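Visitor: I've got a few "how do you know that" questions for you. Could we go through this one together?

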Amino acid sequence: MYPRLIFDLTKLRQNLDAVSKVTHEGGCSMMIVTKGVCADPKVVDLIISHPGVDFLADSRVKNLATYAGKARVAGKKTVLLRLPMLCEVDEVVKYADLSFNSELVTIAVLNEAAEKAGVVHNILLMIDLGDLREGIFFRDEDLIFNAVEEILKMKNIHLYGVGVNLTCYGAIIPKNDNLSQLVAIADKIRSRFHIELSMVSGGNSSSIYLLGGNDALAERQLPEGITNLRLGESFLLGNDTAYETKLPGTCSDTMVLEAQIIELKEKPSLPIGEPGVDAFGQKPVYEDRGVIKRAILGIGKQDAEPGSMTPTDPDVDILGASSDHLIVDVTRSKQEYKVGDTLTFTLGYGGMLKAATSPYVEKAYK
Ligand SMILES: Cc1ncc(COP(=O)(O)O)c(C=O)c1O
């Protein structure tokens, strides 16, 4: 059935080998993030079976629930990346061995949930180094120390470490100087409270370039004291997301999306009549290409992100999409397409996320 997302498990394994080697040689543990493929079971099995993976992480507890049991049996820890919602604390302590937190009110409720479940729940205290998403702001040291003091009073919570997220929201690039501030905060917490911090998590796929040996950076600049990296896109698509280079030894075409042609007709390239707004309230801009051969594919914005898809046929252009239809120009193609043929696309992060999450997209493997 189409549309379908085909995962190449051999290429994904190759990417996992590549990021695992560089992460472990750089002295960090590796957390692999499964949300990009909506915790696809076969991809998760591949991750669980890889000896270099220490933690499996996701932003959604529902995804963690699908694999927590088998991950634990294999000796891997599960991690909730997004700050818990108060409505999900019981599931968090059940399915996540570690969760990321920045609010004392939530940590107190997690403490109660952990007590009720008879477990000690690990947390990572998130510090915001300026990307302005989650975390206690790094300049508010009193707030950080106060939070630690309160956490240490909670019997069913264990402060596992500190962490930062960069680039996803504010697009701030991890560097030696900003990550060194996280290491300094961790050191101050250790000496002030006389405690161990097992993890100083230095970010996501935008931090891996700092280990050096890649197109973005020849020499290592990751500060000593960063002990963990969390990797989604670098594993799934081979991307260094700081400078948009490719990581050595990885592939980008680890998955492709196939969709079927449901209409193929010659029509003008400019709509006729008074222009209003499209299905998404936008005023579209059209290029006059004269009369063109237009194919409509049975996939739309509900399942796909046209701006994050590249046709593998280099002579095909994506013109646009509505919820259920993707419209492409096949005029220049050397292929004689017909109704029922399929077109294949490689994907960027957004395209992957949408297709992997859509229940209308079949999943297949090779
Ligand atoms: C807190 C956190 N860590 C790590 C990741 C993984 O990011 P990336 O896919 O860029 O490696 C994400 C997002 O998926 C995240 O929100």
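Guide: Sure, and bear in mind that this is a predicted model. Let's start at the ligand: strand 10 (228–231) and helix 8 (233–237) each supply at least two residues of the shell around it.

Visitor: What makes a residue part of that shell around the ligand?

Guide: Its C-beta atom has to lie within 6 Å of the molecule. There are 15 residues around the ligand, and Asn204, Ser205, Arg230, Gly232 and Glu233 come nearest. By type, the shell divides into 4 nonpolar, 8 polar and 3 charged residues.

Visitor: Why are the buried residues of helix 2 said to line one face of the helix?

Guide: The buried residues of helix 2 (residues 41–48) are Val43, Val44 and Ile47. Looking down the helix axis, they fall within an arc of 100°, so they line one face. Their cover includes strand 1 (4–7), helix 1 (9–25) and strand 2 (29–33).

Visitor: Which residues touch the most other members of the largest nonpolar core?

Guide: Ile32, Ile127 and Val162 do, out of 102 residues in that core. The core draws at least three residues from each of domain 1 (9–246) and domain 2 (255–365).

Visitor: What is valine 162 in contact with?

Guide: Contact requires C-beta atoms within 7 Å. Leaving aside neighbours within four places in sequence, valine 162 has partners including Leu124, Ile127, Leu182 and Val200.

Visitor: How many residues of domain 1 are in contact with domain 2?

Guide: 9 residues of domain 1 are in contact with 7 of domain 2. Helix 8 gives the most to domain 1's side, with 3 residues.

Note on methods
Residues numbered from 1 in each chain as written. Predicted model: local features only at pLDDT ≥ 70, side-chain atom pairs only at ≥ 80, totals over all residues. Helix = DSSP H or I, 4+ residues; strand = E, 2+ residues; numbered from the N terminus. Nonpolar A, V, L, I, M, F, W, Y, C, P; charged D, E, K, R; others polar. Core = buried A, V, L, I, M, F, W, Y, C linked by C-beta atoms within 7 Å. Buried ≥ 20, exposed ≤ 12 C-beta atoms within 10 Å, placed from the backbone. Domains from an automatic or database assignment. Contact = placed C-beta atoms within 7 Å. Arc of directions from axis to C-beta.
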